[in-house]
Amino acid sequence: MDFTVTERECEWRDRVRAFMHAHVYPAIPIVDDHLKTENPSRWTPPPIIEELKARAFADGLWNLFLPPSDHHDEQFHGAGLSNLEYALCAEEMGRVGFASEVFNCSAPDTGNMEILHRYGTSDQKSRWLKPLLEGEIRSAFLMTEPDVASSDATNIETSIRKDGDDYVINGRKWWSSGVGDPRCSIAIIMGKTNPDAERHAQQSQILVPLDTKGVEIVRMLPVFGYDDAPHGHGEVVLRNVRVPASNIIHGEGRGFEIAQGRLGPGRIHHCMRAIGAAEQALEKMTDRLLSRVAFGKRLADQSVWEQRIGEARLDIEMTRLLCLKAADMMDRVGNKDARGEIAMIKVAAPRTALRVLDHAMQAHGAGGLSDDFGLARSYAGMRSLRIADGPDEVHLRSIARQEFERHRARMRIWRNA
């Protein structure tokens with residue numbers, strides 16, 4: 001196995017890294033100031049974000065997330081990076097919460113663009129994919145529901161009922177990330193078109209403009225007290241929402257098929273961003289330990305902190321290698337054959353980030369719990385990832401089932417030997 005970072009991988013990673021240092025890091029205090037709780041304008045995106053997006057677009061650092069595929073054409077395509085090449089860029093972006101948006105690589109837009117790119121009609125692409133790829137609008141993905149265990153998507157109760165040339169949608173969704181942003185114009189909604197069909201053919205996905213009559217954003221849901229303005233995670237009620245039948249994506253009963261196509265690439269993004277967040281936390285922890293004195297010596301000179309720094313580096317390096325292995329497999333053999341590695345990184349990456357962040361917060365004492373160092377906010381985001389990306393239990397179940405399959409295969413070989 002060759003662990004060498006290729007010249008092309010280095011080039012793209014270093015271009016993103018240089019842009020981050022030149023433009024994104026200096027913008028952090030401006031964005032933080034805009035998003036202060038007492039600022040009445042904080043649900044309007046900070047103007048500097050659009051300025052940075054224009055710079056990134058001009059520099060060719062745009063839509064890096066969309067790997068080459070048979071669905072590319074002259075109008076709808078990404079920068080041409082493989083999953084492995086993009087993974088290194090995503091790690092750099094993960095060091096700053098808003099950085100992904102600057103490169104038009106933020107969730108849930110990336111997953112929604114993947115859906116439209118792969119499964120959308122020409123009209124759906126022209127109307128929605130084009131402005132998303134150009135960074136003119138934002139989007140949301142509405143799947144999770146408050147009244148059912150949505151980790152099992154077959155439980156979803158939102159109805160999508162055919163009525164003449166339209167579909168009528170009724171249901172309640174929550175943790176609908178992005179609906180708080182005034183630029184959020186379109187949502188992809190997962191619901192049931194045929195409750196009597198086979199278990200995994202009941203669900204469909206449909207496009208719903210957020211200004212459609214009957215769409216009500218009830219409230220924004222905080223994560224450990226953070227409401228993530230201007231993005232937000234909303235509870236949304238859909239009351240007799242009527243959209244044209246042409247808004248259905250890929251046909252009725254294809255919701256699960258679409259979801260599986262969406263989940264692979266998008267999740268490598270989250271995992272590599274988690275590595276970036278862990279690296280940033282480790283840097284802050286190291287700086288704190290070298291500059292803080294307690295009981296007559298630097299914190300860095302106390303053995304417990306040496307152990308924690310060493311463990312953090314081990315955790316980050318091991319998790320990064322697992323993430324890069326998953327990305328490489330996705331490129332070479334496809335998402336289906338890489339499903340075990342994808343499941344593993346979904347568990348490993350946020351766990352690693354949380355361990356490092358927890359120790360970094362401890363090193364900062366009470367200050368680590370405040371907003372002064374950005375650690376508490378990052379911790380909240382990483383903790384939510386262990387649920388938003390599918391609960392750990394679901395991924396571990398998938399990993400275990402593959403182990404059982406391998407064991408049964410070994411037993412068959414031994415019996416036939």
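This briefing walks through the chain from its overall form to some of its individual residues. The model is a predicted one, and the secondary structure of its chain comes to 11 helices and nine strands. For a chain of 417 residues, a compact globule would have a radius of gyration near 22 Å, and the chain agrees with this because its own value is 22 Å.

**Overall form**

- Along its principal axes, the C-alpha trace of the chain spans about 80 × 70 × 45 Å, and 51% of the 417 residues count as buried.
- Among the contacts in the chain with a separation of 6 or more, 73% are accounted for by residues that stand 24 or more positions apart.

**Nonpolar cores**

- The largest nonpolar core has 83 residues, and those with the most contacts inside it are Leu-64, Tyr-86, Met-93, Phe-98, Phe-103 and Met-285.
- Helix H7, which covers residues 255-291, gives the largest share of this core, namely 12 residues.
- Leu-64, one of the residues with the most contacts inside that core, touches Trp-12, Val-16, Ala-79, Leu-81, Tyr-86, Cys-89, Met-93 and Cys-105, when residues up to four places away in sequence are not counted.
- A second core, separate from the one that holds Leu-64, has 19 residues, and these include Ile-169, Ala-187, Leu-210 and Leu-238.

**Strand S1 and its partner**

- Strand S1 is made of residues 138-142, and five of the five are buried, so the strand is largely enclosed by the rest of the structure.
- In a regular strand, the side chains alternate between the two faces of the sheet.
- In S1 both faces are covered, since Arg-138, Ala-140 and Leu-142 on one side are buried, and Ser-139 and Phe-141 on the other side are buried as well.
- S1 runs parallel to strand S4 (residues 184-192), to which five bridges join it, and within S4 the bridge partner of Phe-141 is Ile-188.

**Helices H9 and H10**

- Helix H9 (residues 339-363) has 25 residues and reaches 37 Å from its first C-alpha to its last, which is close to the 36 Å expected at 1.5 Å a residue.
- H9 is mostly covered, with 18 of its 25 residues buried, and the helix is followed by Gly-365, whose phi is positive, near 60°.
- Helix H10 (residues 375-388) has 14 residues that should span 20 Å at 1.5 Å a residue, and this agrees with its end C-alpha atoms, which are 20 Å apart.
- The buried residues Leu-375, Ala-376, Ala-380, Met-382 and Leu-385 belong to H10, and this helix is followed by Gly-390, which has a positive phi near 95°.

**Cysteines**

- If a disulfide requires two cysteine sulfur atoms within 2.5 Å, the count comes to zero disulfides.
- Cys-271 is in no disulfide, because the nearest cysteine sulfur, that of Cys-323, is 4.9 Å away and the cut-off is 2.5 Å.
- Both cysteines are nevertheless buried, with a relative accessible area of 1% for Cys-271 and 0% for Cys-323.

**Two buried residues and their surroundings**

- Ser-100 is found in helix H4, which covers residues 99-102, and this serine counts as buried because its relative accessible area of 5% is under 20%.
- Beyond residues up to four places away in sequence, Ser-100 touches Met-93, Cys-105, Ser-106 and Arg-273.
- Gly-120 lies in the loop between helix H5 (109-119) and helix H6 (122-133), where this glycine is buried with a relative accessible area of 15%.
- Although Gly-120 and Ile-249 are 129 residues apart in sequence, their C-alpha atoms are 6.1 Å apart in space.

**Backbone exceptions**

- Most residues other than glycine have a negative phi, and most peptide bonds are trans.
- The peptide bond from Ala-107 to Pro-108 is cis, with omega near 0°, and Pro-108 is found in the loop between H4 and H5.
- Another cis peptide bond joins Ala-229 and Pro-230, with omega about 0°, and Pro-230 has its place in the loop between strand S6 (215-220) and strand S7 (233-244).
- His-250, in the loop between S7 and H7, has a positive phi near 70°, and this histidine is partly exposed, with a relative accessible area of 29%.
- Phe-295 also has a positive phi, about 55°, although it is not a glycine, and this residue, in the loop between strand S8 (293-294) and strand S9 (297-298), counts as exposed at 83% relative accessibility.

Technical notes:
Residues are numbered from 1 along each chain as its sequence is written. Side-chain values use heavy atoms; hydrogens and water are left out. Helices (H or I, at least four residues) and strands (E, at least two) are DSSP runs, numbered from the N terminus. Buried means under 20% relative accessible area, exposed over 50%, partly exposed in between (1.4 Å probe, protein chains only). Contact means heavy atoms within 4.5 Å. Two strands pair if DSSP finds at least two bridges between them. The expected span of a helix is 1.5 Å times one less than its number of residues. A nonpolar core is a set of buried Ala, Val, Leu, Ile, Met, Phe, Trp, Tyr and Cys residues joined through side-chain atoms within 4.5 Å. The radius of gyration is taken over C-alpha atoms; the globule rule is 2.2 Å times the number of residues to the power 0.38.
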